[in-house]
Amino acid sequence: MSKPRYRRVIVKLSGEALSGGNGFGIDQGTLDRLADDIAAAAKLGVELGVVVGGGNIFRGVEVSEKGVSRPVGDSMGMLATVMNCLALEEAVERAGAPARTLSALAMPAVCETYNRKRALKNLGKGRVVLLAAGTGNPFFTTDTTAVLRAAELGAKAVLKATNVDGVYNADPRKDPKAKRYDKLTHREAIEQDLRVMDATAFALARENHMPIIVFSIAEKGAIAAVLSGKGRATFVG
Ligand code: UDP
């Protein structure tokens with residue numbers, strides 16, 4: 001494997017990626033496969049922060065449509081991300097890489113609380129840092145969290161894992177003529193309305209000149225492949 005392109009990155013995994021096609025909950029086989037990928041990437045010597053979503057358990061907007069207030073729904077969503085991170089932390093350690101969950105919402109009986117210095121210290125010790133509870137605030141997403149943490153922790157890119165191998169101008173699973181991009185600028189993505197991430201996350205990435213690398217997590221070893229510049233991905237930056 002060639003030398004990794006980045007020294008420190010943030011990987012964004014959606015909650016759905018953990019559900020293994022069920023759409024809900026955590027599929028153990030899928031979790032172990034993702035953990036193997038993360039451990040393999042960490043073994044390249046790259047400092048890895050991983051932001052995990054919670055959509056496989058709760059999404060604030062969805063529960064708020066059923067009568068729960070949005071801030072409470074979002075708190076439930078953030079707690080869902082903590083559950084995902086705890087499951088992934090153990091799986092990454094089983095896969096042979098040390099890992100630590102840091103939560104933006106304080107819950108000291110469960111895991112350590114996130115702060116920038118603590119995150120940097122853990123990254124410096126070669127631990128995979130699982131960034132739980134999003135930003136700790138309602139009305140945000142874990143995509144925004146990934147860009148925010150990347151900026152504040154001095155990461156060189158956000159690796160956004162999806163079901164497809166990059167950014168397309170239409171859904172390639174529905175439209176066989178969908179055009180795939182190898183490379184885009186932030187401005188082109190906005191002008192062509194390509195929706196790489198939600199608007200808040202994307203605005204933050206653009207303002208901070210943070211590259212977003214969109215790749216498919218379906219292939220084994222995908223994270224390490226992207227870090228070595230080998231995997232298929234769209235580079236937005
Ligand atoms: N969430 C939040 N603040 C944050 C990040 C997440 O309130 O900073 C809540 C929000 O309700 C969101 C849920 O957590 O719907 C799960 O996160 P997200 O939808 O980003 O997960 P994904 O779609 O990536 O699985």
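Student: How far does a backbone N or O atom of Gly15 lie from an oxygen atom of the ligand?

Tutor: In this predicted model, the separation is 2.7 Å. A polar contact here is a pair of N or O atoms within 3.5 Å, so the Gly15 pair meets that cut-off.

Student: Which other glycines have a polar backbone atom facing an oxygen atom of the ligand, and at what distances?

Tutor: For Gly54 the distance is 3.1 Å, and for Gly77 the value is 3.5 Å.

Student: How many residues surround the ligand, and which are the closest?

Tutor: The ligand is surrounded by 20 residues, and the closest are Gly15, Asp74, Thr135, Asn137 and Thr142.

Student: How is empty space in a protein located?

Tutor: A probe the size of a water molecule, rolled over the atoms, reveals where space is left empty. In this structure, the second largest pocket holds about 220 Å³ of space. Its lining includes Arg5, Tyr6, Arg180, Asp182 and Arg232. Strand β11 (residues 233-236) supplies the largest share of that lining, three residues.

Student: What is the make-up of this lining by class?

Tutor: The lining of the second largest pocket has five nonpolar, four charged and three polar residues.

Student: How is a pair of aromatic rings described?

Tutor: The description uses the distance between the centres and the angle between the planes. In this model the count of aromatic pairs is zero.

Student: Which charged residue sits over the ring of Tyr114?

Tutor: Arg149 does: its charged end is 3.8 Å from the centre of the Tyr114 ring.

Notes:
Residues numbered from 1 in each chain as written. Predicted model: local features only at pLDDT ≥ 70, side-chain atom pairs only at ≥ 80, totals over all residues. Heavy atoms only, no water. 1 Å grid on protein atoms, 1.4 Å probe; cavity = no way out; pocket = protein on both sides within 12 Å on 5 of 7 lines; lining within 4 Å. Points joined across faces, edges and corners; volume = space filled by probe spheres on them. Helix = DSSP H or I, 4+ residues; strand = E, 2+ residues; numbered from the N terminus. Nonpolar A, V, L, I, M, F, W, Y, C, P; charged D, E, K, R; others polar. Phe/Tyr/Trp six-rings, centres within 6.5 Å; stacked < 30°, edge-to-face > 60°. Lys NZ or Arg CZ within 6 Å of the ring centre and 35° of its normal. Near = heavy atom within 4 Å. Polar contact = N/O pair within 3.5 Å; in protein donor to acceptor, adjacent residues only side chain to side chain.
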